[in-house]
Each structure stands twice: as C-alpha cells, then as structure tokens.
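User: I'm new to this one and would like a close look at a single part, with enough of the surroundings to make sense of it. Could you walk me through it in plain words?

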Amino acid sequence: AQLLSANVASAQLLNVEVLQVAVGATEGRVDIEDSAATRMAFADFRRPRTWQVGGNQTLRQMQRLTIDILASPFQRLDFLKVAAVAELPSAVLMGAVQVLERL
C-alpha cells in the first residue's frame with residue numbers, strides 16, 4: 001500500500017484514495033501471519049497487536065471490514081484493487097454485493 005500510495009502521489013491522482021485495510025465477507029477481526037510479505041502489505045497499519053504462536057510464527061490481529069462498508073461514503077467507484085492475503089477472493093467479493101450492484 002505504501003508503494004501504491006507513493007505512485008498515486010507521484011502521478012498527482014487527486015481523485016484516488018488508497019485504503020490499507022483487511023477486507024472479507026463480514027466485519028470482525030482477522031489474524032494475519034506477521035511475515036515479510038504481510039509486513040509489506042500491512043506496513044504501519046495503526047500498530048496492530050502481534051503475538052507469538054508456536055515456534056517462530058507471529059500473528060497480527062487486525063480489524064476486518066467489508067468492501068460495502070469501506071465504499072459506502074463514495075458516490076463513485078471506478079476501480080477497485082484487492083490483494084487477498086488472509087481471505088479467499090470469493091469471500092472478499094461476498095462483502096462487496098452492494099458495490100457490485102452499483103457498477
């Protein structure tokens with residue numbers, strides 16, 4: 001998200017908003033493995049809580065929202081990019097029913 005935000009700013013895309021959040025079919029909390037890949041995906045996300053599980057695995061707990069909730073303040077949604085890390089893409093889309101109906 002940081003690289004995408006930098007690219008948006010560099011291109012001076014004033015009508016683009018980058019949101020860094022966990023999304024799914026329902027609201028709740030999600031445990032994400034704290035690996036190098038997820039640290040890049042969720043870097044600096046409001047300092048989420050982390051804890052050790054078993055050997056070397058560390059989990060990070062994050063709030064999960066639906067795309068419908070995130071997109072509700074926007075009148076238009078021309079483009080949506082989702083990187084599914086902890087959810088299946090189909091679960092993410094189940095939380096976007098209202099958004100998809102508007103398109």
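User: Which helix does Asp68 lie in? Please start there and work outwards.

Analyst: Asp68 lies in helix α3. Before going further, keep in mind that this is a predicted model. The protein chain averages a pLDDT of 76, and 73% of the residues score at least 70. Over residues 42-47, though, the pLDDT is below 50, and that stretch has 14 contacts in the model beyond near neighbours in sequence. Where pLDDT is low, predicted coordinates should not be read in detail.

Here's the wider setting. The protein chain has 5 helices and 4 strands, and reading along the sequence gives the pattern α-β-β-α-β-β-α-α-α. Of its 103 residues, 28% count as buried. Take the contacts between residues at least 6 apart in sequence: 66% of them join residues at least 24 apart. The chain exposes about 7,400 Å², with carbon and sulfur atoms supplying 53% of that.

Now back to Asp68. Asp68 counts as buried because its relative accessible area is 14%, under the 20% cut-off. Its side chain reaches two backbone nitrogens: that of Gln98 at 3.1 Å and that of Val99 at 2.9 Å. Leaving aside neighbours within four places in sequence, Asp68 is in contact with Gly95, Ala96, Val97, Gln98 and Val99.

Let's follow that run of partners, taking Val99 to begin with. Val99 is found in helix α5, which covers residues 97-102. With a relative accessibility of 3%, Val99 is buried. Setting aside residues within four places in sequence, Val99 touches Ile67, Asp68, Ala71 and Leu77. Another way to see how the chain comes back on itself is to take Val99 and Leu70: they are 29 residues apart along the chain, and their C-alpha atoms are separated by 9.7 Å.

Gly95 is another partner of Asp68. You'll find Gly95 in the loop between α4 (89-94) and α5. Gly95 is buried, with a relative accessible area of 2%. Beyond its neighbours within four places in sequence, Gly95 is in contact with Gly24, Ala25, Thr66, Ile67 and Asp68. The C-alpha atoms of Gly95 and Leu65 are separated by 8.3 Å, although the two residues are 30 apart along the chain.

Next, look at the two residues leading up to Asp68. Thr66 is found in the loop between β4 (57-65) and α3 (67-71). Thr66 counts as buried because its relative accessibility is 8%. Not counting residues up to four places away in sequence, Thr66 touches Gly24, Ala25, Thr26, Glu27 and Gly95. Gly24 and Ala25 turn up in the contacts of Gly95 too.

Then there's Ile67, with a list of its own: leaving out residues up to four places away, Ile67 touches Val23, Leu80, Val82, Val92, Gly95, Ala96 and Val99. Ile67 also belongs to the largest nonpolar core, where it joins Val23, Ala71, Leu77, Val92, Ala96 and Val99 to make 7 residues in all. Two of the partners of Asp68, Ala96 and Val99, are members of that core.

For contrast, here are a few spots elsewhere. Side chains of opposite charge can pair when their charged atoms come close. The count here comes to 1 salt bridge, formed by the side chains of Arg76 and Asp78 at 2.4 Å, N to O. Both Arg76 and Asp78 are exposed, whereas Asp68 is buried.

Glu33 falls between those two cases: Glu33 is partly exposed, at a relative accessible area of 42%. Glu33 lies in strand β2, residues 28-33. Glu33 and Thr58 are 25 residues apart in sequence and 6.0 Å apart in space, C-alpha to C-alpha.

One last stop is Gln12, in the loop between α1 (2-10) and β1 (22-23). Most residues other than glycine have a negative phi. The phi of Gln12, however, is near 55°, a positive value. Gln12 is exposed, with a relative accessible area of 63%.

So if you come back to helix α3, where Asp68 lies, the picture to hold on to is a buried residue whose side chain reaches the backbone nitrogens of Gln98 and Val99.

Key: Residues are numbered from 1 along each chain as its sequence is written. This is a predicted model: local features need pLDDT of at least 70, side-chain atom pairs count only at pLDDT 80 or more; totals for chains, interfaces and linings use all residues. Side-chain values use heavy atoms; hydrogens and water are left out. Helices (H or I, at least four residues) and strands (E, at least two) are DSSP runs, numbered from the N terminus. Buried means under 20% relative accessible area, exposed over 50%, partly exposed in between (1.4 Å probe, protein chains only). A nonpolar core is a set of buried Ala, Val, Leu, Ile, Met, Phe, Trp, Tyr and Cys residues joined through side-chain atoms within 4.5 Å. Contact means heavy atoms within 4.5 Å. A salt bridge is a side-chain nitrogen of Lys or Arg within 4 Å of a carboxyl oxygen of Asp or Glu. Accessible areas come from the Shrake-Rupley method with a 1.4 Å probe; for residues, only the protein chains shown count as cover. A polar contact is a pair of N or O atoms within 3.5 Å; within protein, one must be able to donate a hydrogen and the other to accept it, and residues adjacent in sequence count only if both atoms are side-chain atoms. pLDDT is the predictor's confidence in each residue, from 0 to 100.
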